[in-house]
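Student: Please pick one part of this model and take a close look at it with me. I'd like a connected account that starts from a single residue and works outward.

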Amino acid sequence: MKTITIELYPLVFFILGIVSVFLTGFTALIKFHIGKLKPLLIRMELYTVIMLMTMGLTYVFDGMAGKTGYAVVLITNTCCLFMNCLIVFCFNEYLTILFMSKGHFKELPKPLKAGYILTSLWIMYLCISMFTGQSFTIDENNLYQIGDLYFLSDVFAAIIISVQMCFIIAYRQHISKKLGEFLVAACMFLMLSSVIHIITADDFITQAALFSVLASLFGFTLMEQNEELHKAAYTDPRSGLPNAYGFIYEIDCKIRKGTAKNFDAFYIEADSTGIIKNSYGKEQYDELLQKYCEFFCAWKNKNEIFGILGGNFFLALVERSRTEEFIKHLVDVPLEISINDENVTVHIGAVAGGYEIQENTKIGGVVMIKITTAITYAKSVAKKTVAFLDDETERKINEEKAMMDAIHEGLKNEEFEPFYQPKVNTESYTLCGSEALVRWRRDGELIPPMKFIPLIEKSGLICVLDFYMLDRVCKDMREWLDKGLTPPCVSVNFSRKNLSNPEFTKEIYDTLKKYDIPPTHIQVEVTETIDEYPLSALRAAVDSLHGYGISVAIDDFGTGSSSISLLKEITFDVLKIDKTFIDFKDEKEKKLLSYIIEMSKAINLSVIAEGVEDIDHVHILQGMDCADIQGFVFDKPLEKSEYEKRIEKREYSLQMIST
Ligand code: C2E
Ligand code: CA
Ligand code: CA
């Protein structure tokens, strides 16, 4: 049997060559962060393919008789030598692209310039040596022989690589630590292989070294690019601090390590009142925020994280044992800035939502959601500098959220309806008006306003509900008028939140117009407590409503802190005495009630007593000259159809009351 002997060296070269072909293809398929690196790496890999393949062929054809053998050995060896040069040249280009792309150099650094010049000289030397046989010769048996000055090529390579290595060491701060270390190690490895080649004249060493360096260069470039992409995605470009993704990523890392449970996460709004923002120019405010970041970055330890969301919103991950100290800082960060060449100390406060990361917290994204909820809770409910989201609070918030969603849905589906509570004039015992009170008919159940109004009053949705109610009342009123009934005036409650809407009164008037309702048929009820809004806003609204011919009642009179001054400043039409005054407990309180009625009459203000539950109170109020009464003593708030019957009948008898 004929045995085929395959020599080890050419086999290895061919295999490495094929690997390089795959590497080239792979490089071609990948998207590079620094675009110019891709064609360069492909070129380098192709040179390596040629280098390895020609080296393999050299071994196969070495010593082959005839012209073909001679030509192949000559060409492949020459090719291989030139490829060595070109790869080193490309390595210089690689360094140029890598360092120049970071923008740290305006012009080509001198060591790299030297790299190009020296490589060009090396190529020139190789050209000369081709004709002089200094690098290699081919003897009469077509066998490859090394030339007398073969080592010069290695000397060139070693010098160029050492220059490149010095450059990398000098400017390593511009690239990642890992890539820097790899490049220096690669240079040392190549220099070592040159020295070994000088000593042993074994080509395998040089080629294998070049191949392994190139393969790992590809790997490290990919790694560097991944890191760059990671950095771009996870950090804020201006401050270099982690952004929301970076913050979540860091928490995820801690969760994997099992240490996250020792940390508290915070969502911070610095200068939440906006006072500082409004007191300084944009540049100075930005400077202050930058110093704010610097303050916390200096305070935090290496395990903790301070991140930025943008503007005056920040994130922090603090070791639980240091949370107390952190919160103390959050309350007041004194920062110095220079204004008109004078150093001024500015105190920045904040509102923050915190969350204690639990042992069973599985993903950082959840922590982010928790602290986002917590800051909303801190601002709108707890009204505290820092509020933590515990399970109970979260449950309540979620319930409220679900309730708000249901209210939105309910408004869309018209699940809310007005109930009418009659107002009775006790001189004639006839119906003299009514108050529209909202009821929510949900899944067959009738929900009273106190179960949902306090919640929606926190948002602007209360205003939507008020106008929804006005619309429904006007619609009912139109129906009654069209039926030929004579409905008395209905008062509609309007939250004081409406005062922030400059079109508030016009919208009321427009609704009346939409159903062609005379303005005397609708009354607006506003509560007395208007602490959130300036008195002037309420005065303007009342004046404007008067302009449209709509009367205004002041509701819950006596429960606020500025009842009398309100009467002094604003001309209301009706004063509704709160139930707490009607339920007087002693003579003193009875007198107070009587004086309120007397005072109102003196200033031409109609009075109505609200929440009257028994006939004795009706008589007492009658004695005090308060004839209009609204309360369970006559009727509870009634469904539309029931109230319609009252409009038809109009009369109330004392008999009705006693039943
Ligand atoms: P309010 O404006 O002071 O309405 C009077 C409340 O007292 C009504 O409660 C009414 O049912 C109740 N009431 C009337 N007579 C008696 C009585 O003799 N005894 C007792 N114990 N209570 C009596 P309701 O309907 O539960 O409404 C509660 C509050 O919800 C209202 O207080 C008002 O502030 C608010 N509200 C109701 N509807 C609306 C609305 O459409 N818009 C706004 N913004 N608020 C509304
Ligand atoms: Ca009312
Ligand atoms: Ca009231």
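Tutor: Let's start at Asn493, which counts as partly exposed at 23% relative accessibility. Here buried means under 20% relative accessible area, exposed means over 50%, and partly exposed is anything in between, using a 1.4 Å probe and protein chains only. Before going on, bear in mind that this is a predicted model: local features need pLDDT of at least 70, side-chain atom pairs count only at pLDDT 80 or more, and totals for chains, interfaces and linings use all residues. Residues are numbered from 1 along each chain as its sequence is written, chains are lettered from A and ligands numbered from 1 in the order in which they are written, and side-chain values use heavy atoms, with hydrogens and water left out.

So what does Asn493 do here, and which residues are with it among the protein donors of the calcium ion (ligand 2)? Asn493 gives its OD1, and the other donors are Glu435 (OE), Glu525 (OE) and Asp555 (OD), with distances of 2.1 to 2.3 Å to the ion. A donor is an N, O or S atom within 2.8 Å of the metal, or 3.2 Å for Na, K and Ca; water is not among the atoms, so sites may look incomplete. Along the chain, the spacing of these donors reads E-x57-N-x31-E-x29-D. Glu435 sits in strand S11 (residues 430–442) and Asn493 in strand S13 (residues 490–494), so this pair ties together parts that are 58 residues apart in sequence. Helices (H or I, at least four residues) and strands (E, at least two) are DSSP runs, numbered from the N terminus. Unlike partly exposed Asn493, Glu435 is buried, at a relative accessible area of 2%.

Now follow Asp555 across to the second ion. Asp555 bridges the calcium ion (ligand 2) and the calcium ion (ligand 3), and the two ions lie 4.1 Å apart. Around the calcium ion (ligand 3), the protein donors are Asp555 (OD), Asp556 (OD) and Glu610, listed twice through OE, lying 2.2 to 2.9 Å away. Their spacing along the chain is D-D-x53-E. The two neighbouring aspartates fall in separate burial classes: Asp555 is buried at 5%, while Asp556 is partly exposed at 23%.

Between the S11 and S13 stretches of the chain, look at helix H15 (residues 461–482). Its 22 residues reach 32 Å from first C-alpha to last, close to the 32 Å expected at 1.5 Å a residue; the expected span is 1.5 Å times one less than the number of residues. 16 of the 22 residues of H15 are buried, so the helix is largely enclosed by the rest of the structure. After H15 comes Gly484, with a positive phi near 85°.

Working back along the chain, there's an open sheet of five strands in the order S4-S5-S3-S8-S9, with mixed pairing. S4 (305–310) and S9 (386–388) stand at the edges with a single partner strand each, so one side of each has no neighbour in the sheet. From one strand to the next, the twist averages 20°. Two strands pair if DSSP finds at least two bridges between them. S3 (residues 263–270) pairs antiparallel with S5 (residues 313–319) over seven bridges, and S4 pairs antiparallel with S5 over five. Phe314 in S5 makes a handy landmark: Ile268 stands opposite this residue, and so does Ile308. S4 and S5 form a hairpin with two residues between them, and Gly311 in the turn has a positive phi of about 60°.

Two helices lie across that sheet. H11 (residues 323–331) lies across S3, S5, S8 (350–356) and S9, at about 0° to S3. H12 (residues 364–382) lies across S3, S4, S5, S8 and S9, at about 135° to S8. For these angles, axes are lines fitted to C-alpha atoms, for helices over the stretch in contact, and angles run from 0 to 180 degrees between N-to-C directions; contact means heavy atoms within 4.5 Å.

To come back to where we began: Asn493 and Asp555 both serve the calcium ion (ligand 2), and Asp555 also coordinates the calcium ion (ligand 3).
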